[in-house]
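Work through the exercises below with the model open. Each one has a task and a worked solution.

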Amino acid sequence: MNKIKPTKLNISKSRSTNPMLVLLFTLPAMLPMTLFWIYPIFRSFWISFTDWDYMTPDYNMVGMNNYTDLIDDGRFWDALGHTGVFAIGTIVPTILIGLAFALLLQSELKGKAIYRFLVFSPWITPTVAVSIVWSWIFQSKGGLANEILSIFHLPALNWISSSDTALLSVIIVTVWKGIGYACIFYLTALDRIPSDRYEAAALDGAGFWKKLIYITIPGISPTTFFLTIITMVDALKAYDQIQILTQGGPSGSTRTLTYLYYQLGFEEFKMGRASAVAVVIVILTVTLSFLQFRLSKKWVNY
């Protein structure tokens with residue numbers, strides 16, 4: 001009996017691509033991105049070399065003067081420091097508390113759907129509305145925050161009217177709003193970890209903390225990396241909560257780089273110098289993101 005040899009199908013791996021077809025599919029996405037993202041970046045970079053006052057069409061090219069003026073401006077360095085403190089103060093608590101809530105909601109808890117809604121609802125609430133509510137909470141007299149402190153016999157604080165606590169107040173509002181966002185992502189990441197890993201660890205006598213350190217944290221490391229990037233970018237461009245709560249004060253204690261950009265451009269009408277601040281923000285964002293991508297190769301478990 002003759003054996004029938006299987007025939008090989010010759011499928012060409014290289015297929016010709018029509019450039020016009022590619023352009024047709026990418027144009028709807030590229031057009032708004034070019035119009036509202038790429039063009040404004042290059043336009044701001046060009047404005048940073050001028051002395052445009054935002055009010056008149058006349059301007060002069062001043063070269064690097066706006067950047068050198070920033071270096072000599074104490075407000076810039078204060079804003080840079082406040083931005084760093086604000087970023088660290090929001091990234092770490094948001095990730096840790098978000099993970100804690102995710103672990104709690106993943107457990108056998110009755111009414112988890114309701115708790116998930118309550119945790120996530122601050123994120124979908126507009127920042128302006130959240131900030132207005134918290135401005136009432138932080139009132140020195142009659143505010144809920146000081147009422148809670150009085151229950152524990154602690155002294156009342158001038159939350160948003162004192163330079164010692166104003167930045168902390170803004171951080172609290174930002175963390176409170178972002179916890180639900182981190183929690184939802186962590187819930188999805190936790191569901192993707194194979195359950196047999198926990199079962200094998202339990203047979204070896206591992207407790208909760210060993211499972212958390214050796215299984216959970218490595219398993220959710222890509223999500224942690226993603227949330228770190230997103231939270232960092234949000235911290236660098238935070239504006240709404242600062243404008244509603246403190247307007248950059250008192251005495252500039254909550255003035256971040258983004259708020260300094262607003263003040264220079266739309267209060268002092270120094271759009272050239274404001275654009276220089278915007279360029280610095282872009283450079284910081286790209287640099288920090290690049291460093292995090294490089295460092296992620298050592299701790300993200302792909």
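**Exercise 1. Find the volume of the largest pocket, and state which residues are closest to its centre.**

Solution. This is a predicted model. Start with the size: the largest pocket has a volume of about 580 Å³. Next, list the lining, which holds 19 residues. The closest to the centre are W37, I41, A278, I281 and V282.

Now assign the lining to helices. Helix 1, helix 10 (221-236), helix 12 (257-266) and helix 13 (271-299) each supply at least two residues.

Finish with the classes. The lining has 15 nonpolar, 3 polar and 1 charged residues.

**Exercise 2. Describe the second largest pocket: which helix gives the most to its lining?**

Solution. Take the volume first. The second largest pocket holds about 410 Å³ of space. Its lining counts 20 residues. Nearest the centre are W123, T127, T174, D234 and Q241.

Then look at the helices. Helix 3 (74-106), helix 7 (166-192), helix 10 and helix 11 (240-245) each contribute at least two lining residues. Helix 7 gives the most, with 7 residues.

Last, sort by class. This lining has 9 nonpolar, 7 polar and 4 charged residues. For the largest pocket, the counts were 15 nonpolar, 3 polar and 1 charged. Helix 10 supplies at least two residues to the lining of the largest pocket, and at least two to that of the second largest.

**Exercise 3. Compare the span of helix 1 with that of a straight helix, then locate the bend.**

Solution. Helix 1 covers residues 19-47. A straight helix of 29 residues would span 42 Å at 1.5 Å a residue. Helix 1 spans only 35 Å between its end C-alpha atoms.

Now search for a bend. Helix 1 bends by about 50 degrees at L27. Check the residues that come next: a proline, P28, follows within four residues.

**Exercise 4. Decide whether helix 12 is largely enclosed or not, and examine L257 within it.**

Solution. Count the buried residues. In helix 12, 7 of the 10 residues are buried, so the helix is largely enclosed by the rest of the structure. Those buried are L257, T258, Y259, L260, Q263, L264 and G265.

Now take L257, which lies in helix 12. L257 counts as buried because its relative accessibility is 1%, and the cut-off for buried is under 20%. Leave out residues up to four places away in sequence. L257 then touches F76, A79, L80, T83, V277, I281 and L284. One of these contacts, I281, is also among the residues closest to the centre of the largest pocket.

Add a distance. L257 and F42 are 215 residues apart along the chain, and their C-alpha atoms are separated by 19 Å.

**Exercise 5. Examine T256, P250 and S251 in the loop between helix 11 and helix 12.**

Solution. Begin with T256, which lies in that loop. T256 is buried, because its relative accessibility is 1%. Set aside neighbours within four places in sequence. T256 is then in contact with A79, H82, T83, A238 and I242. A79 and T83 are also touched by L257.

Move to P250, in the loop between helix 11 and helix 12. A cis peptide bond joins G249 and P250, with omega about -5 degrees.

Then take S251, also placed in the loop between helix 11 and helix 12. Its phi is near 55 degrees, a positive value in a residue other than glycine. S251 is exposed, at 79% relative accessible area.

**Exercise 6. Is H153 buried or exposed, and what is its phi?**

Solution. Place the residue first: H153 lies in the loop between helix 6 (144-151) and helix 7. Its phi is near 60 degrees, a positive value in a residue other than glycine. H153 counts as exposed because its relative accessibility is 73%, and the cut-off for exposed is over 50%.

**Exercise 7. Classify P57 and L295 by exposure, and give a C-alpha separation for each.**

Solution. P57 sits in the loop between helix 1 and helix 2 (65-72). P57 is exposed, with a relative accessible area of 70%. The C-alpha atoms of P57 and F225 are separated by 44 Å.

L295 is found in helix 13. L295 is partly exposed, at 49% relative accessible area. The C-alpha atoms of L295 and L203 are separated by 34 Å.

Note on methods. Residues numbered from 1 in each chain as written. Predicted model: local features only at pLDDT ≥ 70, side-chain atom pairs only at ≥ 80, totals over all residues. Heavy atoms only, no water. Expected span 1.5 Å × (residues − 1). Bend = angle between axes of the 7 residues up to and from the residue. 1 Å grid on protein atoms, 1.4 Å probe; cavity = no way out; pocket = protein on both sides within 12 Å on 5 of 7 lines; lining within 4 Å. Points joined across faces, edges and corners; volume = space filled by probe spheres on them. Nonpolar A, V, L, I, M, F, W, Y, C, P; charged D, E, K, R; others polar. Buried < 20%, exposed > 50% of the residue type's maximum accessible area, 1.4 Å probe, protein only. Contact = heavy atoms within 4.5 Å.
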